[in-house]
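Thank you all for coming; I would like to take you through one model this morning, going from the overall make-up to the sheets and then to the metal site. Please keep the view open while I talk, and follow along as I name the parts.

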Amino acid sequence: MRRRHFMLTGLAGGTLAAVPALRTGWAAEETFEVTRTEEEWRAMLSDLEYEVMREEGTERAFTSPLNEEKRAGNFHCKGCDQALYPSDTKFESGTGWPSFWAPLDDAVATKPDRSWFMVRTEVHCDRCGSHLGHIFDDGPPPTGKRHCINGVSLTFRPAADAAQTTG
Ligand SMILES: [Zn+2]
């Protein structure tokens, strides 16, 4: 019994030491096709991108140039380049963040976010786990959903560019 107790204590110590790396919580529960170390993420992202995408921060409203992006094309994940949102589900929400009423199929995943004394639906890229934003129920038809997305998490690829690279 004494030895077992000792081992459990050791395990607890190890868990505590790992906490800073798991501060967002869900990384331990979900597995992603694309994974990078914290150093790799920091090397490829700006400070703001890292704060938003890897630490679930929020960019300041009305700061993203993608608010004004109205061309046809797809919005891709800045973390892994997976296409996430098509331009034809983008709408003007007036919130100051790029907003969509639906993602592409098999592109995003969600989890409950209980920060700030409320429960919101967090949305992230299902390929690399990068945080995108939140989903609210006050969007337009046909879904009634509003995906409120940080522009820094996205890269826009115009449809014309896609045609060029495939043609
Ligand atoms: Zn991604």
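I will start with the chain as a whole and then go element by element.

Let me say at the outset that what you see is a predicted model. The chain holds four helices and nine strands, and, read from the N terminus, the order of elements is α-α-α-β-β-β-β-β-β-β-β-β-α. Of its 167 residues, 39% count as buried, and the exposed surface comes to about 10300 Å², with carbon and sulfur atoms supplying 55% of that area. If we take the contacts between residues at least 6 apart in sequence, 56% of them join residues at least 24 apart.

Now to the sheet of six strands, which is open, has the order β3-β4-β8-β7-β6-β5, and is paired in the antiparallel sense. Its edge strands are β3, residues 90–91, and β5, each of which pairs on one side only. Walking across from the β3 edge, β3 and β4 are joined antiparallel by two bridges, and Lys90 has Phe100 in β4 as its bridge partner. Strand β4, residues 99–100, is in turn joined to β8 by two bridges, again antiparallel, with Ser99 partnered by Cys148 in β8. On the other side, β8 pairs with β7, residues 131–136, over four antiparallel bridges, and here Ile135 finds its partner in His147.

It is worth pausing on β8, residues 146–149, since both of its faces are covered: Arg146 and Cys148 are buried on one side, and His147 and Ile149 are buried on the other. As a reminder, side chains in a regular strand alternate between the two faces of the sheet.

Continuing across, β7 and β6 run antiparallel and are joined by four bridges, one bridge pair being Val123 and Gly133 in β7. These two strands form a hairpin with five residues between them, in which Gly129 takes a positive phi near 80 degrees. The last step of the walk is from β6 to β5, residues 108–113, where six bridges join the antiparallel strands, including the pair of Asp113 and Arg120 in β6. This too is a hairpin, with six residues between the strands, and Trp116 in its turn has a positive phi of about 60 degrees. As for β6 itself, five of its six residues are buried, so this strand is largely enclosed by the rest of the structure.

The other sheet is an open one of three strands in the order β2-β1-β9, also with antiparallel pairing. Here the edges are β2, residues 83–86, and β9, residues 154–158, each pairing on one side only, and the twist from one strand to the next averages 30 degrees. Between β1 and β9 there are five antiparallel bridges, and Phe75 stands opposite Phe156 in β9.

Turning to the helices, I will comment on α3, residues 47–55, whose buried residues are Glu49, Tyr50, Val52, Met53 and Arg54. What do the buried residues of α3 pack against? They pack against α2, residues 38–44, and against β7. Just after α3 comes Glu56, which has a positive phi, near 55 degrees.

That leaves the metal site, where the zinc ion is coordinated by the SG atoms of Cys77, Cys80, Cys125 and Cys128, at 2.3 to 2.4 Å. Along the chain, these donors follow the spacing C-x2-C-x44-C-x2-C. Cys77 lies in strand β1, residues 73–77, and Cys128 in the loop between β6, residues 120–125, and β7, so this pair ties together parts that are 51 residues apart in sequence. Why is the arrangement around the zinc ion called tetrahedral? The four donor atoms subtend angles of 100 to 117 degrees, and that is what makes it tetrahedral; the ideal value for four tetrahedral donors is 109.5 degrees. With buried meaning under 20% relative accessible area, Cys77 is buried at 1%, and Cys128 is likewise buried at 2%.

How values were computed:
Residues numbered from 1 in each chain as written. Predicted model: local features only at pLDDT ≥ 70, side-chain atom pairs only at ≥ 80, totals over all residues. Heavy atoms only, no water. Buried < 20%, exposed > 50% of the residue type's maximum accessible area, 1.4 Å probe, protein only. Pairing = 2+ DSSP bridges. Donors = N, O, S within 2.8 Å, 3.2 Å for Na, K, Ca; no water. Tetrahedral: all angles 85-135°; square planar, octahedral: opposite > 155°, others 65-115°. Contact = heavy atoms within 4.5 Å. Areas by Shrake-Rupley, 256 points an atom, 1.4 Å probe, with all protein chains shown as cover. Axes fitted to C-alpha atoms, helices over the stretch in contact; angles between N-to-C directions.
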